[in-house]
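The following exercises are to be solved with the sequence and the structure at hand. Each task is followed by a solution that proceeds step by step.

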Amino acid sequence: MANPIEAVPAKKQFHLEEEHHPEGSTNLGFWLYLMSDCLIFAALFATYAVLGGNYAAGPAPADLFDLRFIALATLILLVSSITYGVAMIRAERNDKAGTLLWLGITGLLGLAFLGLEVFEFSTLIAEGAGPQRSAFLSAFFALVGTHGLHVTFGIVWLVVLMVQVWKFGLTPENHRRLMCLSMFWHFLDLIWIGVFSVVYLMGVVV
């Protein structure tokens, strides 16, 4: 008679290994995402171009914007791209501490930029120049606010990536993630240059 204990089949043990995505597919997917973001901002810029002159007897850009304040915010965001570039150089040299340091500086600069943007928005709303005041202000808040949301997402992504680098080091996967975030961060800089030129500079000077 068979032993009942031996009759019970042994439980199969499954060893789950981390599934790695090919680098080429990751880069392609991220470029497609950036292209979709370009379409979003192109639509927002087009909307602003159409509605930007409709003040509804309200304040115009020259009445609202302080170019020195906006230039400071622009400088902070541009410097954050430089500090991220330094972080990438440290990562290429396999300097974990240096990478984390410069990523942290980049995140602080991003927070400073967001703080200035929140201050600008709250000041405008307190002065009665909220998004409901005119078509111009609706388009302005939509464009600049969408960029601000992207910067917020970039900072959250940066913090998560810093935790991954701190825990697992500068692995090939983390190098790839750093590169993707680098493209995203520089993309936000390019969009902001467009915002500064079209919305603020042309609005005040022209």
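**Exercise 1: Leu51 and its surroundings**

Leu51 lies in helix H2, which covers residues 23–51. The structure under study is a predicted model.

Task. Determine whether Leu51 is buried, partly exposed or exposed, and state which residues Leu51 touches beyond those up to four places away in sequence.

Solution.
1. The relative accessibility of Leu51 is 27%. Buried requires under 20% and exposed over 50%; Leu51 therefore counts as partly exposed.
2. Leaving out residues up to four places away in sequence, Leu51 is in contact with Ala135, Phe136 and Ala139.
3. Ala135 stands 84 residues from Leu51 along the chain, yet their C-alpha atoms are 5.7 Å apart.

**Exercise 2: The packing of H4 and H5**

Task. Describe how helix H4 (residues 67–92) and helix H5 (residues 96–126) are arranged relative to each other.

Solution.
1. Two packed helices are described by the angle between their axes and the distance between the axes.
2. For H4 and H5 the angle is about 165°, and the axes are 8 Å apart.
3. Angles over 145 degrees count as roughly antiparallel; H4 and H5 are therefore roughly antiparallel.
4. The crossing of H4 with H5 is left-handed.
5. The contact between H4 and H5 comprises 19 nonpolar, five polar and two charged residues.

**Exercise 3: Confidence**

Task. Which pLDDT values apply to the protein, and what holds for residues 4–19?

Solution.
1. The average pLDDT of the protein is 90, and 88% of the residues score at least 70.
2. Over residues 4–19 the pLDDT is below 50, and this stretch has zero contacts in the model beyond near neighbours in sequence.
3. Where pLDDT is low, the predicted coordinates should not be read in detail.

Terms used
Residues are numbered from 1 along each chain as its sequence is written. This is a predicted model: local features need pLDDT of at least 70, side-chain atom pairs count only at pLDDT 80 or more; totals for chains, interfaces and linings use all residues. Side-chain values use heavy atoms; hydrogens and water are left out. Axes are lines fitted to C-alpha atoms, for helices over the stretch in contact, and angles run from 0 to 180 degrees between N-to-C directions. Helices (H or I, at least four residues) and strands (E, at least two) are DSSP runs, numbered from the N terminus. Angles under 35 degrees count as roughly parallel, over 145 as roughly antiparallel, 65 to 115 as roughly perpendicular and the rest as oblique. A crossing is left-handed if the near helix is turned anticlockwise from the far one by less than a right angle, and right-handed if clockwise. Ala, Val, Leu, Ile, Met, Phe, Trp, Tyr, Cys and Pro count as nonpolar, Asp, Glu, Lys and Arg as charged, and the others, Gly among them, as polar. pLDDT is the predictor's confidence in each residue, from 0 to 100. Contact means heavy atoms within 4.5 Å. Buried means under 20% relative accessible area, exposed over 50%, partly exposed in between (1.4 Å probe, protein chains only).
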